[in-house]
Amino acid sequence: MSALAEGPDNRHVLEVTEPQRGHVLEEMRALLSGIQNILAALAKENMAAVAQHARPLGKNMAHKTEDHLKGVLPGEFMRLGMSVHEDFDRIATDAESIKDPKHTLRQLGNTMYKCVACHEAYQTRAVVQPVQKNGAPSPHVH
Ligand code: HEC
């Protein structure tokens, strides 16, 4: 696939407000740093720490972000995101029960395929709040 893009960014544009975009990006950075912690724990074969770092990336995290984004982002996007969170719950559970670093690595690799797939398909663009309730045009933004 595209290594370094030369042409225009043709990914599907999700129009969100600036605060909503902030919530998405914040969640994303938490996913990245969580994965970094998981990999560090895996290198030490510390499966309890793997579970401890994977669990906060599970569905609990999704519920927090979802409140801000319900009805804003397309269903397909939300489902892909949710399946990533379900994966991390599973990774945490399996790290505790199966305790096999290779198994966890395989799971993580499969999950990260979803990170890649979504990033290939979507980009966000922050837009101003839509027209106000009384029909007045939105205030000027400079
Ligand atoms: C359902 C879609 C989706 C999935 C799944 C997804 N992301 Fe993202 N990610 C996005 C979008 C959309 C952006 C914002 C891109 C933009 O700014 O246009 C983003 C941005 C990011 C950023 C940049 C954050 C910033 O502050 O600029 C990181 C890091 C990131 N994602 C990591 C991940 C990781 C790691 C995973 C997998 C565990 C993941 N994402 C899964 C949609 C997704």
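Which residues surround the ligand, and which of them are the closest? In this predicted model, the ligand is surrounded by 17 residues, of which Met-28, Arg-29, Cys-115, Cys-118 and His-119 are the closest. The space that the ligand takes is the largest pocket. By residue class, the shell around the ligand comprises 10 nonpolar, four polar and three charged residues. At least two shell residues each are supplied by helix H1 (18-43), helix H4 (75-97), helix H5 (101-121) and strand S2 (122-127), and the largest contribution, seven residues, is that of H1.

The iron atom of the ligand has two protein donors, Met-28 through its SD atom and His-119 through its NE2 atom, which lie 2.0 to 2.2 Å from the metal. Because Met-28 belongs to helix H1 and His-119 to helix H5, this pair ties together parts of the protein that are 91 residues apart in sequence. The iron site has six donor atoms, and with angles of 86 to 179° among them its geometry is octahedral.

Polar side-chain atoms also approach the ligand at several places. Two arginine side chains are placed against oxygen atoms of the ligand: an N or O atom in the side chain of Arg-21 is 2.7 Å from one such oxygen, and a polar side-chain atom of Arg-29, which is also among the closest residues, lies 2.7 Å from a ligand oxygen. For His-119, a polar side-chain atom is found 2.8 Å from a nitrogen atom of the ligand, in addition to the part that this residue plays as a donor of the iron atom through NE2.

Notes: Residues are numbered from 1 along each chain as its sequence is written. This is a predicted model: local features need pLDDT of at least 70, side-chain atom pairs count only at pLDDT 80 or more; totals for chains, interfaces and linings use all residues. Side-chain values use heavy atoms; hydrogens and water are left out. A residue is near a molecule or strand if one of its heavy atoms lies within 4 Å of it. A polar contact is a pair of N or O atoms within 3.5 Å; within protein, one must be able to donate a hydrogen and the other to accept it, and residues adjacent in sequence count only if both atoms are side-chain atoms. On a 1 Å grid over the protein atoms alone, a cavity is a set of points where a 1.4 Å probe fits but cannot get out, and a pocket is an open set with protein on both sides within 12 Å along at least five of seven lines; lining residues have an atom within 4 Å of a point. A molecule sits in a cavity or pocket if more than half of its atoms lie within 2 Å of its grid points. Helices (H or I, at least four residues) and strands (E, at least two) are DSSP runs, numbered from the N terminus. Ala, Val, Leu, Ile, Met, Phe, Trp, Tyr, Cys and Pro count as nonpolar, Asp, Glu, Lys and Arg as charged, and the others, Gly among them, as polar. Donors are N, O and S atoms within 2.8 Å of the metal (3.2 Å for Na, K and Ca); water is not among the atoms, so sites may look incomplete. Four donors count as tetrahedral if all angles lie between 85 and 135 degrees; four count as square planar and six as octahedral if opposite donors are over 155 degrees apart and all others between 65 and 115; anything else is irregular.
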